[in-house]
Amino acid sequence: MSRSLTQLFALDSLLTPEEIEVRATVRKFAAERIRPHIAEWFEAGRLPARDLAVELGALGVLGMHLHGYDCAGMSATAYGLACLELEAVDSGIRSLVSVQGSLAMFSIHHWGSEEQKQQWLPAMAAGRAIGCFGLTEPDHGSDPAGMRTRAVRDGRDWVLNGTKMWITNGSIADVAVVWAQTEEGIRGFVVPTDSLGFSASDIRAKMSLRASVTSELVLDDVRLPDSAVLPHAEGLRGPLTSLGEARFGIIFGAIGAARDCLETAIDYAQTREVFDKPLAAYQLTQAKIADMALEVGKGHLLAYHLGRIKDRGEITPEQVSTGKLNNVREALAVARECRTILGANGITLEYPVIRHANNLESVLTYEGTSEVHQLTIGKALTGSAAFR
Ligand SMILES: Cc1cc2nc3c(=O)[nH]c(=O)nc-3n(C[C@H](O)[C@H](O)[C@H](O)COP(=O)(O)OP(=O)(O)OC[C@H]3O[C@@H](n4cnc5c(N)ncnc54)[C@H](O)[C@@H]3O)c2cc1C
């Protein structure tokens, strides 16, 4: 962030020296390893995810807020800052880290057996194994309770059938955490992706999150032993708790994308001359910049505040919804406004702004759409559930 915006909100006064160090380490990695290539990866619609996962593992950001099993055991706030710095480069990279650490690893860590944890978590923390999280289906996104994927007991085994859609990391995953209906309600399964009957194919022609793998998973009579079920997750609480973890990272991440757009726009406005003077010297431009700085600064404050609450173990789903709804919505508005400052240059991949704006369209939709978070907040404030 430009020094002035940090100072405007005295942001660093809210962080510990250790958190500032984590932020600096991740920012440096992102600047050196990812930023020089990201526009090309986005344009090509591909990501060297396996190599990156190993590097992100060495950096310590995979499952970095989990304890034991070779995970870094950092605070939620430090994890959030890592998400912020990664998403300042691209939401796709933060998605890789979120899905690995907060969805797949957290599910195994929180709901799994000791055997499942030993088998998967150290390899996933190191980035040697990649995980995905299969909840959404072609006909059930916001309403996962209606999922059709079924797991049926057959002797001592389970047999899974169904289709999962829009699954980040799907085709590159070694392990999929898959949620399915059973006679006992919704259960989670740890599915090695080399299981017979499991297949994944990529969703192409995306205009958003192009530097991220998004796949369809098909489970066709996938037979798993009883030890594959997540023993401690019963009902929708299982996947929803895991989603809360990933949403938390997005509260920080989205504001990183907004920060990058604002910095880019300020730089551009200072050097671009229109009507014989720099664009930054016009009142209209400064009004835009000031208004955006307020939102980016307030977004940081909200993220840091929620980070502290989470570190005390007190955060509620409504608070996570508040942060996710506000910060993603405002980040998208900032990205669009910054695009106007860049004029025609703003529509190219030479600058990160339109890439962030397009990415944020996905971020607005996944991990609970804006409307779902409005309904969650509305229910908390009015006492009336309006989901159906
Ligand atoms: C790039 C990308 C990556 C993703 N990665 C994953 C992943 O790794 N794992 C996974 O399981 N899923 C993933 N998803 C899926 C994502 O979580 C869903 O897209 C999301 O939950 C919305 O579901 P849907 O797309 O089916 O939209 P729908 O649920 O069909 O919603 C369509 C519209 O209706 C609105 N709506 C829904 N219910 C209501 C209501 N009660 N009242 C008013 N409006 C309502 C929604 O807000 C939305 O605007 C990913 C999606 C994308 C785009």
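## Strands, ligand and a second pocket

In strand 7, Val 218 is the residue that bridges to Ser 199. That's a handy way into this predicted model, since strand 7 also pairs with strand 3, and strand 3 is the element that gives the most residues to the shell around the ligand. Below is a quick tour: the strands, then the ligand, then another pocket.

**How the strands pair up**

- Ser 199 and Val 218 are bridge partners, and strand 6 (residues 198-202) and strand 7 run antiparallel, with five bridges joining them.
- Strand 7 covers residues 214-225 and is also antiparallel to strand 3, this time with nine bridges.
- If you want a spot to look at in that pairing, find Lys 164, which sits opposite Leu 217 of strand 7.
- Strand 3 has another antiparallel partner in strand 2 (residues 150-154), and five bridges hold that pairing.
- Arg 153 is bridged to Trp 158 of strand 3.
- Strands 2 and 3 make a hairpin with two residues between them. Gly 155 is in the turn, and its phi is positive at about 65 degrees.

**What surrounds the ligand**

- There are 17 residues around the ligand, and the nearest are Thr 136, Ser 142, Trp 166, Thr 369 and Glu 371.
- Sorted by class, that shell has eight nonpolar, seven polar and two charged residues.
- Ser 142 has a side-chain N or O atom 2.6 Å from an oxygen of the ligand.
- Glu 371 does something comparable from its own side chain, where an N or O atom lies 2.7 Å from a ligand oxygen.
- Phe 387 uses its backbone instead: a polar atom there is 2.8 Å from a nitrogen of the ligand.
- On its own the ligand would expose 980 Å², and the protein buries 67% of that.
- The elements giving two or more residues to the shell are strand 3 (157-168), helix 10 (353-365) and helix 11 (370-382). Strand 3 tops that list with three residues.

**The second largest pocket**

- The second largest pocket holds about 200 Å³ of space.
- It's lined by 13 residues, and those closest to its centre are Gly 45, Arg 46, Arg 204, Arg 210 and Ser 212.
- As for chemistry, the lining breaks down into five nonpolar, three polar and five charged residues.

Definitions and conventions:
Residues are numbered from 1 along each chain as its sequence is written. This is a predicted model: local features need pLDDT of at least 70, side-chain atom pairs count only at pLDDT 80 or more; totals for chains, interfaces and linings use all residues. Side-chain values use heavy atoms; hydrogens and water are left out. A residue is near a molecule or strand if one of its heavy atoms lies within 4 Å of it. A polar contact is a pair of N or O atoms within 3.5 Å; within protein, one must be able to donate a hydrogen and the other to accept it, and residues adjacent in sequence count only if both atoms are side-chain atoms. Accessible areas come from the Shrake-Rupley method with a 1.4 Å probe; for residues, only the protein chains shown count as cover. Helices (H or I, at least four residues) and strands (E, at least two) are DSSP runs, numbered from the N terminus. Ala, Val, Leu, Ile, Met, Phe, Trp, Tyr, Cys and Pro count as nonpolar, Asp, Glu, Lys and Arg as charged, and the others, Gly among them, as polar. On a 1 Å grid over the protein atoms alone, a cavity is a set of points where a 1.4 Å probe fits but cannot get out, and a pocket is an open set with protein on both sides within 12 Å along at least five of seven lines; lining residues have an atom within 4 Å of a point. Grid points are joined across faces, edges and corners, and a volume is the space filled by probe spheres set on the points. Two strands pair if DSSP finds at least two bridges between them.
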